Amino acid sequence: DDANSFLVKLEIPKLLSVLGYRNADAFVPGVNDLVYGSEGYDGLSADQKIERGKLALAALSQYKKANKDGDEATMEESLAAFKENSMYMGYGHLFSPESIMPNIPFIFYSFRLMVILGFSFIVIFIMFLYLAIMNQLHKYKWLLRLGILSFPLAFIASMAGWVVAEVGRQPWTIQGLLPTMLSTSNINANAVILTFWMFVVLLTILVIAEFKIMKTAITKGPSKVMKGGPHV
């Protein structure tokens with residue numbers, strides 16, 4: 001639509017071209033370029049890659065059949081066709097041009113959440129380090145509480161990074177060659193379910209044990225040495 005998609009937009013002109021191609025004037029294709037093609041994009045559109053992928057798969061099937069029948073002429077012809085289109089073989093399994101793109105909003109916000117939390121951890125660490133060196137850390141209870149709250153945030157940042165890596169790679173296990181829908185395992189579903197619940201039970205026990213240890217240490221409080229008393 002014609003609505004402005006940005007509330008705030010900070011741009012560094014040509015930086016992505018330099019990062020991607022070491023050339024300030026290089027064309028960096030966007031989503032629409034990759035899916036549908038464009039005048040500025042000299043690569044193949046998704047539709048063209050899907051067609052060439054289907055040609056590669058058909059040539060591979062024909063080669064296997066000719067090899068089984070001992071038809072060397074057909075083998076050479078189909079092998080040449082396969083080599084010409086082999087880099088797009090994985091696209092032959094896809095059904096639509098749009099399927100080459102992952103869930104972009106999900107990745108977009110997961111990446112930014114990961115980066116924001118990552119930089120906030122650095123700031124929190126610097127504050128803790130400075131106040132600890134100055135022996136002033138105990139005066140800032142809000143910072144101590146923030147430090148405790150940052151523990152679960154670290155797991156959230158880790159999961160957000162995992163989302164960026166694993167969802168962002170969709171639909172590919174191997175780019176252009178092997179889609180994730182073909183990367184299925186032969187492991188029985190019951191084995192996966194059993195393993196999942198074993199991990200749930202084990203990790204729950206470890207979390208309870210860790211909570212009790214931390215609660216005991218917090219209830220006991222700091223030692224006399226930390227309070228400035230005599231060494232015991």
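For the charges discussed here, Lys and Arg count as positive and Asp and Glu as negative, while His and the chain ends are left out of the count. On that basis, in this predicted model, the chain carries 20 positive and 18 negative charges, and the mean positions of the two sets lie 26 Å apart.

The fold that holds these charges is made up of seven helices and two strands, and a reader who follows the sequence meets these elements in the order α-α-α-α-α-α-β-β-α. The chain is more spread out than a compact globule, because its radius of gyration is 28 Å, well over the 17 Å that the globule rule gives for 232 residues. Along its principal axes, the C-alpha trace spans about 95 × 50 × 35 Å.

Turning to surface and contacts, 18% of the 232 residues count as buried, and the chain exposes about 18,200 Å², of which carbon and sulfur atoms supply 67%. Among the contacts with a separation of 6 or more, 55% are accounted for by residues 24 or more positions apart.

A single residue serves to bring the description down to local detail. Ser 150 lies in helix 6, which runs over residues 141-168, and Ser 150 counts as buried because its relative accessible area is 13%, where the cut-off for buried is under 20%. A polar atom of the Ser 150 side chain lies 2.6 Å from the backbone oxygen of Gly 147. If residues up to four places away in sequence are set aside, Ser 150 touches Phe 121 and Ile 124.

How values were computed
Residues numbered from 1 in each chain as written. Predicted model: local features only at pLDDT ≥ 70, side-chain atom pairs only at ≥ 80, totals over all residues. Heavy atoms only, no water. Helix = DSSP H or I, 4+ residues; strand = E, 2+ residues; numbered from the N terminus. Rg over C-alpha atoms; globule rule 2.2 N^0.38 Å. Buried < 20%, exposed > 50% of the residue type's maximum accessible area, 1.4 Å probe, protein only. Contact = heavy atoms within 4.5 Å. Areas by Shrake-Rupley, 256 points an atom, 1.4 Å probe, with all protein chains shown as cover. Charge placed at Lys NZ, Arg CZ, Asp CG, Glu CD. Polar contact = N/O pair within 3.5 Å; in protein donor to acceptor, adjacent residues only side chain to side chain.
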